[in-house]
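Hi,

Here is the structure I promised to pass on. Have a look at it first, and then read on for what I found.

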Amino acid sequence: MIASQFMNIPVQELSVTYAGTVADLETTYITRSLLAGFLRPRVASTVNEVNAAMVAKERGITYGEKFSDETHGYANCISLTVHGENKTFTIKGTHVPNYGDRIVHFDGVAIDFAPEGHLLYIQHQDRPGMIGKVGNVLGAHDVNIATMQVGRQEAGARR
């Protein structure tokens with residue numbers, strides 16, 4: 001899971017927020033699935049939707065779910081916020097008919113990509129020529145860029 005890879009520090013809490021049409025569904029299984037997906041790469045034992053809550057409790061990680069009216073312009077939105085010692089990470093996703101599942105917010109940046117296949121996330125200074133430099137490095141290593149999304153919090157900021 002992307003959030004587990006991005007938050008490579010000890011974590012105290014996971015919070016899942018549901019908005020829009022998804023908030024009308026039974027969300028317990030989705031929450032447990034997100035929790036299990038977050039924990040799997042972090043622990044040596046087997047983690048699944050049934051034992052994820054126990055594994056989290058053993059590691060001092062609390063989790064919960066909330067419901068909101070804020071859909072960020074989508075018919076439905078699921079947000080996962082992970083709280084670590086000195087760091088918080090939020091990722092938001094939705095399902096768009098005819099397009100499928102989409103990540104629409106990644107750690108403070110509005111973005112739009114399908115969460116599938118091999119993904120590369122790079123933070124860099126927003127300045128002219130930076131994307132070209134990244135493309136050249138990947139090309140030199142025979143890596144093809146099938147699609148690319150670029151986002152920023154503000155012009156000139158680190159992202």
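On one side of helix H4, Lys133, Asn136 and Ala140 are exposed, where exposed stands for over 50% relative accessible area, buried for under 20%, and partly exposed for anything in between (1.4 Å probe, protein chains only). Helices here are DSSP runs of H or I with at least four residues, strands are runs of E with at least two, and both are numbered from the N terminus. H4 itself covers residues 130–140, and on its other side Met130, Val134 and Leu138 are buried. Those three sit on the same side of H4 because they cover an arc of only 75° around the axis, the arc being that of the directions from the helix axis to the C-beta atoms.

Before going further, please keep in mind that this is a predicted model: local features need pLDDT of at least 70, side-chain atom pairs count only at pLDDT 80 or more, and totals for chains, interfaces and linings use all residues. Residues are numbered from 1 along each chain as its sequence is written, and side-chain values use heavy atoms, with hydrogens and water left out.

Back to H4, residue by residue. Val134 counts as buried at 18% relative accessibility. If you want a feel for distances, Val134 and Tyr63 are 71 residues apart in sequence, and their C-alpha atoms are 37 Å apart in space. Ile131, also in H4, counts as partly exposed at 40% relative accessibility. Setting aside neighbours within four places in sequence, Ile131 is in contact (heavy atoms within 4.5 Å) with Met148 and Val150. From Ile131 to Val150 is 19 residues along the sequence and 8.8 Å from C-alpha to C-alpha.

What comes after H4? Asp142 lies in that segment, and it has a positive phi of about 60° although it is not a glycine. Most residues other than glycine have a negative phi. At 74% relative accessibility, Asp142 counts as exposed. Ile145 is found in the segment after H4 too, and it counts as partly exposed at 34%. Its contacts, again leaving aside neighbours within four places in sequence, are Gly135 and Leu138; Leu138 is one of the buried residues of H4. The C-alpha atoms of Ile145 and Leu120 are separated by 9.8 Å, with their positions 25 residues apart along the chain.

Asp107 also has a positive phi, of about 50°, although it is not a glycine. You'll find Asp107 in the loop between strand E5 (100–106) and strand E6 (109–113). Asp107 is buried, with a relative accessible area of 15%.

Now for helix H2 (residues 28–39). Its 12 residues should span 16 Å at 1.5 Å a residue, taking 1.5 Å times one less than the number of residues, and its end C-alpha atoms are 17 Å apart, which agrees. The buried residues of H2 are Thr31, Leu34, Leu35, Ala36, Gly37, Phe38 and Leu39. What covers them includes helices H1 (2–6) and H3 (52–58), along with strands E1 (11–20), E2 (62–68) and E3 (76–84).

Strand E3 is where Ser79 sits. Ser79 counts as buried at 9% relative accessibility. Not counting residues up to four places away in sequence, Ser79 touches Ser15, Val16, Thr17, Ile91 and Lys92.

Finally, the chain as a whole. There are 4 helices and 6 strands, and from the N terminus on they run α-β-α-α-β-β-β-β-β-α. The C-alpha trace spans about 45 × 35 × 30 Å along its principal axes. Of the 159 residues, 37% are buried. Among contacts between residues at least 6 apart in sequence, 56% join residues at least 24 apart. The chain exposes about 9,900 Å², with carbon and sulfur atoms supplying 52% of it (Shrake-Rupley method, 1.4 Å probe). As for charge, there are 14 positive side chains (Lys and Arg) and 16 negative ones (Asp and Glu), with His and the chain ends not counted. The centres of the two sets lie 8 Å apart, each charge being placed at NZ of Lys, CZ of Arg, CG of Asp or CD of Glu.

Cheers
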